[in-house]
Structure formats: structure tokens, C-alpha cells
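Me: I would like to go through this model and ask what stands behind each label. Please give the value, then the cut-off, then the verdict.

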Amino acid sequence: FFASGIGLNHIRFPLDRFTTRTYAVTATVKDYHEEDFKKTIVINRVDPFVVLTAAPFQKDSAGTRVNFTATPFFFSSSNPNDYLFSWLVNGVDAQNSRPNLEVLIPGASGEQALAVEVTAAHRANEVESATAQTQFIIGN
């Protein structure tokens with residue numbers, strides 16, 4: 001199975017009896033800092049997966065808010081309301097169960113780490129869950 005296209009953001013894998021098959025998904029950003037940036041992830045068809053994305057922001061964004069979004073894939077439902085989300089920011093529970101999180105970038109001097117982690121679990125079957133995390137260095 002192969003699919004490609006500019007702006008492609010939904011990929012469907014065929015249902016078959018080979019549940020142990022893996023799929024490679026590759027995204028390419030053309031002319032990213034004067035060269036192409038390519039990222040590939042390998043997904044087992046039976047494994048849940050969550051993608052964590054952040055709205056663009058500058059390294060020196062102290063005092064501004066950044067929006068993060070969690071998108072679950074390969075669960076038994078595509079409806080975001082079917083999932084429980086839990087977020088950690090620098091190891092602290094963000095007290096948010098929605099798929100979106102707004103984080104205030106602290107206004108401290110110097111560089112500091114911003115670590116964001118999200119876990120998505122299916123409401124009806126919490127064994128079906130996935131976690132994603134990312135870390136940024138912010139400040140001046």
C-alpha cells in the first residue's frame with residue numbers, strides 16, 4: 001500500500017488478516033532550512049499511537065502561550081470525545097483531559113527546558129492507550 005500527496009494528513013491501511021504487519025509512514029518537509037527534512041515512523045497496525053504537535057513559537061517566547069494538540073491514531077474510534085487525555089508539563093499534572101493544551105511559557109531569564117507529555121486512553125478500554133512526549137529549550 002502506498003499513498004502520497006501534498007498536504008496528505010489521513011492515511012488508511014487496508015484491513016487484512018495479517019495483524020502483525022508493520023507500516024512505515026514518511027513525511028517530508030520540502031526546503032526546510034534550505035534542505036528537505038524527512039521523518040519516518042514505523043507503526044504496528046494493532047498498536048495505538050498518539051501524535052503530539054505544537055503551534056509554531058520562537059525560542060525567546062517567554063510570557064506567551066503555546067498550544068499543543070494530541071491526535072490519537074489506530075484506536076478503535078476516530079472520535080476525540082472517546083478518549084481521556086492526561087498532560088504533564090515539566091513533570092507536573094496539567095489538570096486537563098482535553099486533546100488540546102495551552103501552556104504559558106515562563107518569563108525567566110536564561111535558557112530552560114519545557115517538557116510536555118500527553119497520554120491518550122480510550123474511555124471504554126483504558127488498556128488501549130499511548131503516550132507521546134517532547135522537550136524544548138526556551139529562553140534567551
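Me: How many bridges join β5 to strand β6, and in which sense do the two strands run?

Reply: This is a predicted model. In it, two bridges join β5 to β6 (residues 92-93), and the strands run antiparallel. One bridge partner pair is Val89 with Val92 in β6.

Me: What makes β5 and β6 count as paired?

Reply: The cut-off is at least two bridges between the strands. β5 and β6 have two bridges, so they count as paired.

Me: What do β5 and β6 form, and what is particular about Asn90?

Reply: They form a hairpin with two residues between the strands. Asn90 sits in the turn and has a positive phi of about 50 degrees.

Me: How do you know that β5 also pairs with β8?

Reply: Seven bridges link β5 (residues 83-89) to β8 (residues 112-122), in the antiparallel sense. At least two are needed, so this is a pair. Leu88 has Glu117 as its bridge partner in β8.

Me: Which side chains of β5 point to the buried face?

Reply: Tyr83, Phe85, Trp87 and Val89 point to one face and are buried. Leu84, Ser86 and Leu88 point to the other face and are not buried. The side chains alternate along the strand.

Me: Why is Ala132 called buried?

Reply: Its relative accessibility is 12%. Buried means under 20%, so Ala132 counts as buried. Ala132 is in strand β9 (residues 129-138). Leaving out residues up to four places away in sequence, Ala132 touches Val50, Leu52, Val116, Glu117 and Val118. The C-alpha atoms of Ala132 and Val51 are separated by 6.5 Å, with the two residues 81 apart along the chain.

Me: Why is His122 called buried?

Reply: His122 has 9% relative accessibility. The limit is under 20%, so His122 is buried. His122 is found in β8.

Me: What makes His122 and Ala124 a polar contact?

Reply: A polar atom of the His122 side chain lies 3.0 Å from the backbone nitrogen of Ala124. The cut-off is within 3.5 Å, so the distance fits.

Me: Why is Tyr32 called partly exposed?

Reply: Tyr32 has a relative accessible area of 44%. Buried is under 20% and exposed is over 50%, so Tyr32 falls in between. Tyr32 lies in strand β1 (residues 22-32).

Me: Which residues form a nonpolar patch on the surface with Tyr32?

Reply: Val29 and Phe37 do, and the patch has about 290 Å² of accessible area together. Patch members need over 30% relative accessible area, so Tyr32 at 44% meets that cut-off.

Definitions and conventions
Residues numbered from 1 in each chain as written. Predicted model: local features only at pLDDT ≥ 70, side-chain atom pairs only at ≥ 80, totals over all residues. Heavy atoms only, no water. Helix = DSSP H or I, 4+ residues; strand = E, 2+ residues; numbered from the N terminus. Buried < 20%, exposed > 50% of the residue type's maximum accessible area, 1.4 Å probe, protein only. Contact = heavy atoms within 4.5 Å. Patch = residues over 30% accessible without salt bridge, like charges linked within 9 Å, V, L, I, M, F, W, Y side chains within 5 Å. Areas by Shrake-Rupley, 256 points an atom, 1.4 Å probe, with all protein chains shown as cover. Salt bridge = Lys/Arg side-chain N within 4 Å of Asp/Glu carboxyl O. Polar contact = N/O pair within 3.5 Å; in protein donor to acceptor, adjacent residues only side chain to side chain.
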